Amino acid sequence: MPALELTAAGLKPLSACSSEPFIGRVQERLDDAPAVREREILLVRNPGEPLPPGFRGYLLLSEGVVSPGLEDVYVLPPSLHYLAAGDVVRIHPERGALATLYRRASASNTFLVTERCDNNCLMCSQPPRKQDDSWLVDELMEALPLISPETREIGITGGEPSLLKGRLVELLERMKHQLPRTSVHILTNGRGFANAELARAVAQVRHPDLMLGIPLYSDLPEEHDYVVQALGAYDETLRGILHLKRARVKVELRCVVHAQTYSRLPQLAEFITRNLLFVDHVALMGLELMGFARANLGLLWVDPLDYQSQLTAAVRTLSRAGLDTSIYNHPLCILPTELHPFARKSISDWKNLYAEDCERCARKEDCGGFFASGLAKRSRGIQPFRE
Ligand code: SF4
């Protein structure tokens with residue numbers, strides 16, 4: 001999963017600029033800005049008055065008066081006019097670019113902590129890279145004090161976060177300290193927790209609201225290993241799940257449903273109810289057409305309408321066994337009515353779209369719609385509900 005860093009170029013400098021990128025929190029009202037403003041960036045919607053000194057930077061919606069001595073004053077391009085108080089951004093003066101790291105109003109704030117990964121999944125939406133990117137965690141640590149403590153949930157994703165080992169534990173400790181009321185959801189392939197010590201170290205943080213989302217694609221080792229393109233991954237992932245649960249860390253199982261996974265969904269559900277009944281949640285997910293999923297479309301695409309019998313059988317098995325079960329990333333109109341109570345509006349707000357037909361659908365409010373990347377390849381089952 002990508003982080004949900006949205007980068008836009010086109011900042012126009014109106015003053016001298018810093019030589020290095022810097023992170024700051026957007027403020028709109030002088031009254032709300034803390035007394036120490038070295039990490040605050042003032043957003044000025046109607047520049048007219050001279051800008052007050054003391055802020056780390058200034059973002060203007062249009063050109064305004066800049067007093068001598070102020071630095072890092074930029075005019076925002078229209079694509080960045082969505083910024084608002086409480087957002088956390090990184091400004092790249094030399095590139096004239098701004099990356100939005102955190103949006104105060106969004107329910108879907110996720111941070112990418114590494115692009116390295118030991119799997120190479122057929123449908124990976126964030127294809128792995130090998131370089132040292134430890135700066136990503138440094139940056140998140142720097143951003144944490146700027147994030148609102150009222151944030152409901154933060155996602156941690158990669159790459160594979162467990163490759164960070166001790167730094168992941170350190171990050172969780174910081175998150176617990178800085179954001180004690182914020183849920184943390186980590187997307188991991190689970191293999192790193194085959195090392196029981198790492199699983200115990202995560203548990204020892206005693207984060208009050210932590211869940212690890214771990215993909216399991218088949219009841220058969222060879223099928224799971226094929227989907228993740230890593231021999232032995234199934235075995236390590238299962239051992240990771242067992243170690244985490246033994247240490248009392250919450251685990252959610254995730255299965256992306258596509259042409260290589262749908263036919264054994266009923267058997268996977270049986271396997272989970274017989275062997276992993278202690279997990280905390282199971283999510284059966286539609287395919288996001290990003291990254292490798294696009295390149296491997298021929299291998300992966302199946303119209304969701306064509307796997308509804310397998311999906312229904314799996315959901316029945318899981319829910320009858322008492323497992324908390326959800327269906328993510330599926331438009332409501334392609335699911336049988338029996339599955340509607342399991343469907344969640346799961347697509348992050350910034351990449352969630354609806355088709356033109358959806359405008360006349362009576363259940364649009366209840367429906368999760370589509371990934372922005374998925375509108376090009378739609379199910380033949382899309383059919384607006386009438387009243
Ligand atoms: S028509 Fe659109 S809004 Fe209605 S259920 Fe289908 S995908 Fe959802």
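**Note on the predicted two-domain model**

1. Buried residues account for 36% of the 387 residues in the protein. The model is predicted, and every value below is computed from it.

2. Overall dimensions come next. Along the principal axes, the C-alpha atoms of the protein fill a box of roughly 70 × 55 × 35 Å. The radius of gyration is 23 Å. For a compact globule of 387 residues one would expect a value near 21 Å, so the two agree.

3. The secondary structure amounts to nine helices and 17 strands. As for contacts, take those in the protein with a separation of 6 or more: 71% of them link residues 24 or more positions apart.

4. The domain assignment splits the protein into domain 1 (6-102) and domain 2 (109-374). Their centres, taken over C-alpha atoms, are separated by 35 Å. Eight residues from domain 1 and eight residues from domain 2 make up the contact. On the domain 1 side, strand S3 (22-27) and strand S8 (97-102) each supply at least two of the residues that touch domain 2. What is the class make-up of that side of domain 1? Five residues are nonpolar, one is polar and two are charged.

5. Strand S3 also has a pairing to check. S3 and strand S4 (residues 40-44) run parallel and are joined by three bridges. One residue pair to look at is Gln27 with its bridge partner in S4, Leu42.

6. S4 has a further pairing, with strand S5 (residues 57-60). Again the sense is parallel, here over four bridges. Leu43 stands opposite Leu59 of S5. When viewing these strands, keep the general rule in mind: side chains in a regular strand alternate between the two faces of the sheet.

7. Now the ligand. Which residues come nearest to the ligand? Of the 15 residues around the ligand, they are Pro331, Cys333, Cys358, Cys361 and Cys367. By class, the shell around the ligand divides into eleven nonpolar, one polar and three charged residues. Cysteine is counted as nonpolar here, a convention to remember when reading that split.

8. In short, two places merit a look in the viewer. One is the contact between the domains, with eight residues from each of domain 1 and domain 2. The other is the shell of 15 residues around the ligand.

How values were computed: Residues numbered from 1 in each chain as written. Predicted model: local features only at pLDDT ≥ 70, side-chain atom pairs only at ≥ 80, totals over all residues. Domains from an automatic or database assignment. Contact = placed C-beta atoms within 7 Å. Near = placed C-beta within 6 Å. Rg over C-alpha atoms; globule rule 2.2 N^0.38 Å. Buried ≥ 20, exposed ≤ 12 C-beta atoms within 10 Å, placed from the backbone. Pairing = 2+ DSSP bridges.
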